[in-house]
Amino acid sequence: MENLTPEDLYPHDQDHYGGLSANDALAERASIRRDEHVADFCAGLGGPARYWSRRFGAEVTGIDLNPARVRGAAELTALVGLEGRVRVIEGDVTRTGLPSESFDVVVSQEAFLHVPDTAAALAEAFRLLRPGGRLAFTDWIVHRPLSSEEADIMWRGIAAQSLQSSDSYRNLIQTVGFVILSVDDLTDEWGVILEERFAMYRKLREETLRQGLPAGDEEFYAAYGKLVELMKARVLGGGRFSAEKPIR
Ligand SMILES: C[S@@+](CC[C@H](N)C(=O)[O-])C[C@H]1O[C@@H](n2cnc3c(N)ncnc32)[C@H](O)[C@@H]1O
């Protein structure tokens, strides 16, 4: 555990689909530049935050609701010597308490579906950005409204509670005051990843059961299987959105 570098952590600290290349795609959409101040909404263990700092020289402040993740992020960041450039603070992205117009970029990956009030999170991003600042995020989306049974599966499977369609996201982003720069549909990309991941989970579970060890909650696997089906049927999907706060 001595002399670790951020690169040593990359296989373990990215909690989103597509790993480092997803970070690169988001950085490209947000045009992250050296020494810019970046806020990472729902930063998790701070993996992407450390990556953006290391790769692009940004100063990154992550915000996460879960105190255990915030503690973990601090430990990992200190282990790789980035504590001067990266911090993850405990907070709710709908009201961070951070100063207005103090960031150049706000990013977020696969997390807004867990935040009940999506508009409030986007409005908070708008408030934190200086004029000309950029927002870029990925999230799960729906291609048609979910039935109540499907919505229940999403809630039990991945704690999704505020799924937007691509159009409702466009409306929300613009209503808050941003100008949209790009919208990418990631549904096919994520469908493949999700299927592979589910196959891996099932294989590990079978091995665990064969050894007579506790192998997790059946309900989780049933819900996950449904998610894969919904993604393959293009009911669920993924989206990447970027936008700019206009210069007054
Ligand atoms: C799927 S993880 C993504 C982590 C990180 N973005 C990454 O790519 O590694 C979602 C994260 O959102 C956080 N979260 C959920 N609701 C939040 C809120 N209202 N404010 C801040 N963080 C929140 C959770 O604690 C969790 O760490």
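Let's start with a bit of vocabulary: Ala, Val, Leu, Ile, Met, Phe, Trp, Tyr, Cys and Pro count as nonpolar, Asp, Glu, Lys and Arg count as charged, and the others, Gly among them, count as polar. Keep those three groups in mind as you look at this structure, which is a predicted model.

Now find the largest pocket. Its volume is about 860 Å³, and 38 residues line it. Sort that lining into our groups and you get 19 nonpolar, 10 polar and 9 charged residues. If you head for the pocket's centre, the lining residues nearest to it are Asp15, Arg69, Glu110, Ala111 and His114.

Where along the chain does the lining come from? Several elements chip in with at least two residues each: the helices α3 (47–56), α6 (148–158), α8 (187–210) and α9 (218–232), plus the strand β2 (59–64). The largest share, 3 residues, belongs to α3.

So what's in the pocket? The ligand sits there. Around the ligand you'll find 19 residues, with Asp15, His16, Cys42, Asp64 and Arg69 as the closest. Asp15 and Arg69 should ring a bell, as both are also among the residues nearest the pocket's centre. Sorted the way we sorted the lining, this shell comes out as 7 nonpolar, 7 polar and 5 charged residues.

Next, zoom in on individual atoms. One oxygen atom of the ligand lies 2.8 Å from a polar backbone atom of Asp15. A ligand nitrogen is 3.1 Å from a polar backbone atom of Val93, and a nitrogen of the ligand is also found 3.3 Å from a polar backbone atom of Gln109. As for how covered the ligand is, on its own it has 600 Å² of accessible area, and the protein covers 90% of that.

Key:
Residues are numbered from 1 along each chain as its sequence is written. This is a predicted model: local features need pLDDT of at least 70, side-chain atom pairs count only at pLDDT 80 or more; totals for chains, interfaces and linings use all residues. Side-chain values use heavy atoms; hydrogens and water are left out. A residue is near a molecule or strand if one of its heavy atoms lies within 4 Å of it. A polar contact is a pair of N or O atoms within 3.5 Å; within protein, one must be able to donate a hydrogen and the other to accept it, and residues adjacent in sequence count only if both atoms are side-chain atoms. Accessible areas come from the Shrake-Rupley method with a 1.4 Å probe; for residues, only the protein chains shown count as cover. On a 1 Å grid over the protein atoms alone, a cavity is a set of points where a 1.4 Å probe fits but cannot get out, and a pocket is an open set with protein on both sides within 12 Å along at least five of seven lines; lining residues have an atom within 4 Å of a point. A molecule sits in a cavity or pocket if more than half of its atoms lie within 2 Å of its grid points. Grid points are joined across faces, edges and corners, and a volume is the space filled by probe spheres set on the points. Helices (H or I, at least four residues) and strands (E, at least two) are DSSP runs, numbered from the N terminus.
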